[in-house]
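Please find below some notes on how the strands are arranged in this structure. They are meant for a colleague who has not seen it before.

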Amino acid sequence: MKIQFDIPPGSAQEANGLPVRYAAAKRQVPRWRWYLLLAMVLAAPAYLLMRFAIAYWWETAPGFVVTEQVAVGVHTSGRVARIVAVGETVPAGQPVMVLEPPTAAGAPASTALAAPLAAATDPAVAQAVAQGQAARLAGLKEAERLALRQAALHQERVRTMEGLRLQGAATRQELDGVRLQAMQAQAGVDRARSERAETAAQVARDRALAQAALRAQSPMPLASPGAPGTNAGTGPLAAGAALPSPDVVAPFYATVVRQLVRRGEWVVPGTDVAVLQGRGAPMVHAYVLPNEARYAQVGRQASLQFMDGGRIRAEVVGVVAEAERLPAERVSPLSPRMPSIVVRLRPLEPLPAAYRIHQLPLDVRFDWVWSGF
């Protein structure tokens, strides 16, 4: 049996020997579409290749803008009468906060002596005052005891965290946080102890003033220290003239960046009232891995890459003599937080106001240096 197949058409315009008239194409596919498709395919490899070249020729390290900041506190008790608003500039030596003492300045001395004198002359008043003072002193002693216990617990926690740090089970930031809590607890102990001592001294002063007023048996002790006929350097009120000013002054030309107390609040010695930021040129701290230690040398050049695209040249001026782990917010969750060298850089031109922010994150791109140099 012989099988015969149909003869294939000689061209696309012919079928079974008959010509077929196909309609002409509406338009041809433009060439730029093929170029666009080719660019989309090559974009990912080109990006990876560019990242590899940048990482090979330039070392990039995470960094932060660091400004001079300090927290100022009070050395005496009183009520806040006025405090500088956030954002205002305070020259060196000018008051940041004006503190109103327990007895307002300018009040007559007889007001301060009225309560002690009444307690000395009236037995009922004297008993009530003594009971109130004893209760207050007992409460302050209990507060001091609790503060001491809390400080001891924080110190024990610090020792435990130090042991975990040596074993590699805790980070430096966690240890620093525990130490900060221990310092705050110790500050609470100091405040409680100072308040108890101040209350005891106030009780002793009241008793001395009352006894002096009774012995004098005249209105002379009630006169102000500066009145004619009295000696300003002696008497029961002379000790108040030697007290230092309760105002909190700025240690340097600075700007108030944070208020820790409000007007009308009662503060005790050791309480921080405001955070000041210096007007000096800020620095930049960069975290360089140990295998790139050749960049951690004074005089190296780098470029500060800010998140908004700004670039400023900088120079290495020093290295911190203690390694620190990379900040958690600048490390991928899949990457280890290796101990790094902290490099201090100085911008070669003044930073704009938008970049003069404490702990502002940025990238530091060092100029390429041969590994053998």
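1. Two strands count as a pair if DSSP finds at least two bridges between them. Strands (E, at least two residues) and helices (H or I, at least four) are DSSP runs, numbered from the N terminus. The model is predicted: local features need pLDDT of at least 70, side-chain atom pairs count only at pLDDT 80 or more, and totals for chains, interfaces and linings use all residues. Residue numbers start from 1 along each chain as its sequence is written, and side-chain values use heavy atoms, with hydrogens and water left out.

2. One open sheet has four strands in the order β8-β7-β5-β10, paired antiparallel. Its edges are β8 and β10 (266–267); each has a single partner strand, so one side of each lacks a neighbour in the sheet.

3. Within this sheet, β5 (residues 78–83) and β7 (residues 95–100) run antiparallel and are joined by four bridges. Arginine 82 has valine 98 in β7 as its bridge partner.

4. β7 is also joined to β8 (residues 248–249), by two bridges, again antiparallel. Here methionine 97 has valine 248 in β8 as its bridge partner.

5. Another open sheet of four strands follows the order β4-β11-β9-β6, with antiparallel pairing. β4 (69–73) and β6 (89–90) are at its edges with a single partner strand each, so one side of each is left without a neighbour in the sheet.

6. At the β6 edge, two bridges connect β6 to β9 (residues 254–259), and the two strands run antiparallel. Valine 90 lies opposite alanine 254 in β9.
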